[in-house]
Amino acid sequence: MEKQSQLTRTLIAKDKDHVWHPCTQMKDHEDFPIIPIERGEGVWLYDTEGNKYLDAVSSWWVNIFGHANPVISQAIADQANCLEQVLLAGFTHQPVVDLSTQLVELTPDNLQKCFYADNGSSAVEVALKMSFHYWRNVGKTDKKKFVALKNSYHGETIGALSVGDVELYKDTYQDLLLDVIIVEGADNYDKPAGESVDAYVERCFQAMEDTLAQRHNEISAVIVEPLVQCAGSMRMYDAAYLQRLRAACDRYDVHLIADEVAVGFGRTGHLFACQKAAISPDFMCLSKGLTGGYLPLSVVLTTQQIYAAFYDEYTSLRAFLHSHSYTGNPLACAAALATLKLFKDNDVINTNQKLIERIKHNGERFRGHQHIGDIRQTGMIFAIELVQDTASKKAYPWQQRRGLKAYHFALKNQLLLRPLGNVIYFMPPYVITTEQIDMVFDVMEQAVEIAVAD
Ligand SMILES: Cc1ncc(COP(=O)(O)O)c(C=O)c1O
């Protein structure tokens, strides 16, 4: 290994002494030292040794307009010199009013009210609690169960983890969690080659239909990640499933919670996945890209009808008494407003179509590869699934950590990929160029060969 600078060595040593990293077996860093990042610019991250990495995963899907974006940075700086924080109970401020007004305009028509929190998991907790509390307020106290899809992910706090279904994150904590009804979805990966999408969705939806038919009296809400289950290996499903789900929720008087924490803000090619699927949920959870990837902020949008069920004399004790210290933080709202302005000023949803096409074109390189069981894309989200054998789609044992091999190879080649098990995916900031997309796929192609080599 080349000699490292004093700064790098000190940061690595002190980090090891005192920092416990998220979603990490810390012992792994005995073999692969942590990488100190000094600065970011556009799609690039620069480490303290001067190496650069193209952030092909948008730093856990949050970054939309590149690192150190001058417009967002300036908006935060201006806001910091004016008002950095004020409690949102009893007080309001310009950024939160403007942001709420714009979000209501941009999201499906029935969503009229914004309730803020400060991360995706907390937004999910808010939506679950609000749904449960709504039914209680309208006298339907038996409706307290939640339905979620197989392979779903909604965050790591106890409620959010309960409505998830990724074993790796959930199994250890099972004894702590809510009893949730998990229903098989319509994962495109499992669709038989000869069956049409419509027939497949119709057949798969039966499980949800049966669940709702039998248990709607005890079900508060169904929660889904519309179109793409991101942390669940970027598995994708068709919009027809969401349309059936919306209709069934209406028929059985059950809320629909759309968790757009990961897929919101253009990831699916539309501003929101619900718009792509032409549905309106009862609750929509947003976070991640909301602030362009700058600051933690989340919001739950809901309907006038739900809001009205909480609106009463204080003594009726119907109010939603939920709060977080940083709810509606002005700096985060200013970052979000700058992000929305960038979307508008640059007509981003339309200009991204060119990037989407380039990703699609590049994805074709993997067609016919003997260890790639699936090539999938929804808008700006692309993924390939490594398998032992394409005919049977037999997965590599997770213990082999094939994706990790791809990760290390990519890092040495100026690319930050962070595979999910055997799935290598690409979800870049929208400031990426078509040439940079080509470069990502060049490295990804080699990384695949490293990962599948014995
Ligand atoms: C769909 C979805 N919901 C919720 C969350 C949780 O968000 P956070 O990590 O901000 O708590 C995530 C995080 O990846 C997510 O993908």
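**Figure 1. Helices α14 and α15 cross in the right-handed sense.** The model shown here and in the other views is predicted. Helix α14 covers residues 402-412 and helix α15 covers residues 434-452; their axes lie 8 Å apart and make an angle of about 135°. The two helices are therefore oblique to each other. From α14, the residues in the contact are Arg402, Gly403, Lys405, Ala406, Phe409 and Ala410. From α15, they are Val443, Gln446, Ala447, Val448, Ile450, Ala451 and Val452. Sorted by class, the contact of α14 with α15 comprises nine nonpolar, two polar and two charged residues.

**Figure 2. Helices α4 and α12 meet in a left-handed crossing.** Helix α4 is formed by residues 94-106 and helix α12 by residues 330-345. Their axes come within 9 Å and cross at roughly 40°, and the pair is therefore oblique. On the α4 side the contact holds Pro95, Val96, Asp98, Leu99 and Gln102. These residues meet Pro330, Cys333, Ala334, Ala336, Leu337 and Leu340 of α12. Nine residues in the contact of α4 with α12 are nonpolar, one is polar and one is charged.

**Figure 3. Strands β1 and β2 form a hairpin.** Strand β1 (residues 37-41) pairs with strand β2 (residues 44-47) in the antiparallel sense, over four bridges. Ile37 has Asp47 in β2 as its bridge partner, and Gly40 stands opposite Leu45 in β2. Two residues lie between the strands, and Gly42 in the turn has a positive phi of about 60°.

**Figure 4. The hairpin strands belong to an open sheet of four strands.** The order of the strands is β1-β2-β3-β16, and their pairing is mixed. At the edges stand β1 and β16 (415-416); each has a single partner strand, so one side of each is left without a neighbour in the sheet.

**Figure 5. A second view of sheet structure shows an open sheet of seven strands.** The strands follow the order β4-β12-β11-β10-β7-β5-β6, with mixed pairing. The edge strands, β4 (111-117) and β6 (181-183), each pair on one side only. From one strand to the next, the twist averages 20°. Strand β5 (residues 145-149) runs parallel to β6 and is joined to β6 by three bridges. Within this pair, Ala148 has Ile182 in β6 as its bridge partner.

**Figure 6. Helices α4 and α9 pack on the seven-stranded sheet.** Helix α4 touches β4 and β12 (298-303), and the direction of α4 makes about 130° with that of β4. Helix α9 (residues 239-252) touches β7 (219-224) and β10 (255-259). The direction of α9 makes about 145° with that of β10. Helix α4 is also the helix that passes α12 in Figure 2.

**Figure 7. The whole protein has 15 helices and 17 strands.** Its radius of gyration is 22 Å, close to the 22 Å given by the globule rule for 454 residues, so the protein is as compact as a globular protein of that length. Taken along the principal axes, the box filled by the C-alpha atoms is roughly 70 × 60 × 45 Å.

Conventions
Residues are numbered from 1 along each chain as its sequence is written. This is a predicted model: local features need pLDDT of at least 70, side-chain atom pairs count only at pLDDT 80 or more; totals for chains, interfaces and linings use all residues. Axes are lines fitted to C-alpha atoms, for helices over the stretch in contact, and angles run from 0 to 180 degrees between N-to-C directions. Angles under 35 degrees count as roughly parallel, over 145 as roughly antiparallel, 65 to 115 as roughly perpendicular and the rest as oblique. A crossing is left-handed if the near helix is turned anticlockwise from the far one by less than a right angle, and right-handed if clockwise. Two residues are in contact if their C-beta atoms, placed from the backbone, lie within 7 Å. Ala, Val, Leu, Ile, Met, Phe, Trp, Tyr, Cys and Pro count as nonpolar, Asp, Glu, Lys and Arg as charged, and the others, Gly among them, as polar. Two strands pair if DSSP finds at least two bridges between them. The radius of gyration is taken over C-alpha atoms; the globule rule is 2.2 Å times the number of residues to the power 0.38.
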